[in-house]
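Me: Could you take a close look at one part of this model for me, the nonpolar surface patch and the strands around it? I'd like one connected walk-through, with the cut-offs included.

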Amino acid sequence: MRKIITMVALAVVSFANAQAFKGKGDIKGQVGMTMQDGGTGIGVSADFGVGENMSFGIVAGYMLNANEIAGFKPRFEDRADLKVRFNANIGNVLKLSDNIDVYPGLNLGLRNFGGHLGARYFFTNGFGMFAEANVPLARYDTDVNGFENYNNQFVFTIGASFNL
């Protein structure tokens, strides 16, 4: 019985110490599964805290099982995407627990200028989960068709988040 109580107490303490966004100097790394019309893939991102509620980051994505279109397979450049982004980390503004962060933001990528809304939940000081939705606000090409839609449409990402 003592072992169970000790384990529960340690778990509660570790949850209490988990912090989703610490502000300036904070670095988050994320890896997850991307889902969009036409396929799924992998997304990797890093965010760097530059202020109490502000971070900049970089995002890379690659579609692993992109669908063929009209009998053609997508090339590497059709599957890959790279973006830089700005986040407003507002978990503390919304008076959420320290281990939860909500971050709306803007991103500039190879295919579009877009917006995103994400949330992180940290179980411990170093590990958590995240979910993020990305949507293009302005596409560089107004006549998007075929493989140009890949990474240039609504994309949902879910995965693991790490304090680096």
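Reply: Happy to; here is the fold, then the patch, then some individual residues.

This is a predicted model, in which local features need pLDDT of at least 70 and side-chain atom pairs count only at pLDDT 80 or more, while totals for chains, interfaces and linings use all residues. Numbering starts from 1 along each chain as its sequence is written, and side-chain values use heavy atoms, with hydrogens and water left out.

Eight strands form a closed barrel in the order β1-β2-β3-β4-β5-β6-β7-β8, with antiparallel pairing. The average twist from one strand to the next is 25° (axes are lines fitted to C-alpha atoms, with angles from 0 to 180 degrees between N-to-C directions). Strands here are DSSP runs of E with at least two residues, numbered from the N terminus, and two of them pair if DSSP finds at least two bridges between them. β5 and β6 (residues 112-122), for example, run antiparallel and are joined by nine bridges. Within β6, G118 stands opposite Y103.

Now to the patch itself. F48, I58, L82, V84, L106, L108, L110, F113, V135, L137, Y140 and F154 together make a nonpolar surface patch of about 1,100 Å². β4 (80-88), β5 (100-109) and β7 (127-139) are the elements that each give two or more residues to it. Patch members have over 30% relative accessible area and no salt bridge, and nonpolar side chains (Val, Leu, Ile, Met, Phe, Trp, Tyr) are joined within 5 Å. Areas come from the Shrake-Rupley method with a 1.4 Å probe, and for residues only the protein chains shown count as cover. A salt bridge would be a Lys or Arg side-chain nitrogen within 4 Å of an Asp or Glu carboxyl oxygen.

Two patch members are worth a stop. L110 lies in the loop between β5 and β6 and is exposed because its relative accessible area is 57% (exposed is over 50%, buried under 20%, partly exposed in between). Leaving aside residues up to four places away in sequence, L110 touches D81, L82 and Y140, where contact means heavy atoms within 4.5 Å. L110 and D81 are 29 residues apart along the chain, yet their C-alpha atoms are separated by 6.3 Å. V84, in strand β4, has 46% relative accessibility, so it counts as partly exposed.

For contrast, look at T34 in strand β1 (residues 27-36). T34 counts as buried because its relative accessibility is 9%. Its contacts, again not counting residues up to four places away, are G39, T40, G41, I42, G43, V155, F156 and T157.

Definitions and conventions
Patch = residues over 30% accessible without salt bridge, like charges linked within 9 Å, V, L, I, M, F, W, Y side chains within 5 Å. Helix = DSSP H or I, 4+ residues; strand = E, 2+ residues; numbered from the N terminus. Buried < 20%, exposed > 50% of the residue type's maximum accessible area, 1.4 Å probe, protein only.
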